[in-house]
Amino acid sequence: MDWHIKLMNIKGGRFGQVYNIYLDRESMKKYFAGIDAGTTGASVIIFDEKGSIVSSGYCEYTTKHPLPGWVDQDMNELWEGVCKASRE
C-alpha cells in the first residue's frame, strides 16, 4: 500500500503551488518522540526503532511568578515551544 501526501506552500514554492510526494509504506522508518515540557522550556528528542537519537531540540519560553514559589505559564506558548523544539 502506498501513501499519497499533498504539500502546499512549502519553502521554495510559490503560493498555491501543490507538490505531490508518494511514499512507500513498506520502506518508511518508524520514529518515536520523547517530550519534556518543563517549567522554563521544552525538550524534544527523536529516536529511531533501535533507540538511537536521530535529532533533538530545545525551546525556552517565558514564565511568570505571581507569588513567591508560584509559576504561571501560558499553555499556548508552551505548546508552541514543543512544536518549535520538535522542528530543530
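These legends describe close-up views of a predicted model.

**View 1. Overall layout of the protein.**
The secondary structure comes to one helix and five strands. From the N terminus on, the elements run β-β-β-β-β-α. The protein has 88 residues, and 12% of them count as buried. Take the contacts in the protein with a separation of 6 or more: residues 24 or more positions apart account for 21% of these.

**View 2. An open sheet with a helix packed on it.**
Three strands form this open sheet, in the order 3-4-5. Their pairing is antiparallel. Strand 3 and strand 5 stand at the edges. Each has a single partner strand, so one side of each is left without a neighbour in the sheet. On average, neighbouring strands are turned by 10 degrees against each other, direction ignored. Helix 1 packs on the sheet and touches strand 3, strand 4 and strand 5. The direction of helix 1 makes about 40 degrees with that of strand 4.

**View 3. The hairpin of strand 4 and strand 5.**
Strand 4 and strand 5 run antiparallel. Seven bridges join them. Four residues lie between the two strands of this hairpin. Gly51 takes a positive phi there, near 90 degrees. Further along the pair, Ala42 stands opposite Cys59 of strand 5.

**View 4. Helix 1 and its buried face.**
Helix 1 covers residues 75–87, which makes 13 residues. How does its length compare with expectation? At 1.5 Å a residue, helix 1 should span 18 Å. The end C-alpha atoms are 19 Å apart, which agrees. The buried residues of helix 1 are Leu78, Gly81, Val82, Cys83 and Ala85. What covers them includes strand 3 (31–37), strand 4 (41–48) and strand 5 (53–60).

**View 5. The start of helix 1.**
Asp74 contributes a side-chain oxygen at this end of the helix. That oxygen reaches to within 2.9 Å of the backbone nitrogen of Asn76.

**View 6. Thr62 in the loop between strand 5 and helix 1.**
Thr62 is found in the loop that links strand 5 to helix 1. Its side chain makes a polar contact of 2.9 Å with the side chain of Glu77. Thr40 is another residue to show with Thr62. The two threonines are 22 residues apart in sequence. In space they are 6.7 Å apart, C-alpha to C-alpha.

**View 7. Cys59 and Cys83, without a disulfide.**
The structure holds zero disulfides. Cys59 is in none, and its nearest cysteine sulfur is that of Cys83, 9.8 Å away. Why is the sulfur of Cys83 without a bond to that of Cys59? A disulfide is a covalent bond between the sulfur atoms of two cysteines. The cut-off for such a pair is 2.5 Å. The sulfur of Cys83 is 9.8 Å from that of Cys59, the closest cysteine sulfur, and this is too far for a bond. Are these cysteines buried or exposed? Cys59 is buried, with a relative accessible area of 11%. Cys83 also counts as buried, at 17% relative accessibility. Cys83 belongs to the buried residues of helix 1, whereas Cys59 sits in strand 5, opposite Ala42.

Note on methods. Residues are numbered from 1 along each chain as its sequence is written. This is a predicted model: local features need pLDDT of at least 70, side-chain atom pairs count only at pLDDT 80 or more; totals for chains, interfaces and linings use all residues. Side-chain values use heavy atoms; hydrogens and water are left out. The expected span of a helix is 1.5 Å times one less than its number of residues. Buried means under 20% relative accessible area, exposed over 50%, partly exposed in between (1.4 Å probe, protein chains only). Contact means heavy atoms within 4.5 Å. A polar contact is a pair of N or O atoms within 3.5 Å; within protein, one must be able to donate a hydrogen and the other to accept it, and residues adjacent in sequence count only if both atoms are side-chain atoms. Two strands pair if DSSP finds at least two bridges between them. Axes are lines fitted to C-alpha atoms, for helices over the stretch in contact, and angles run from 0 to 180 degrees between N-to-C directions.
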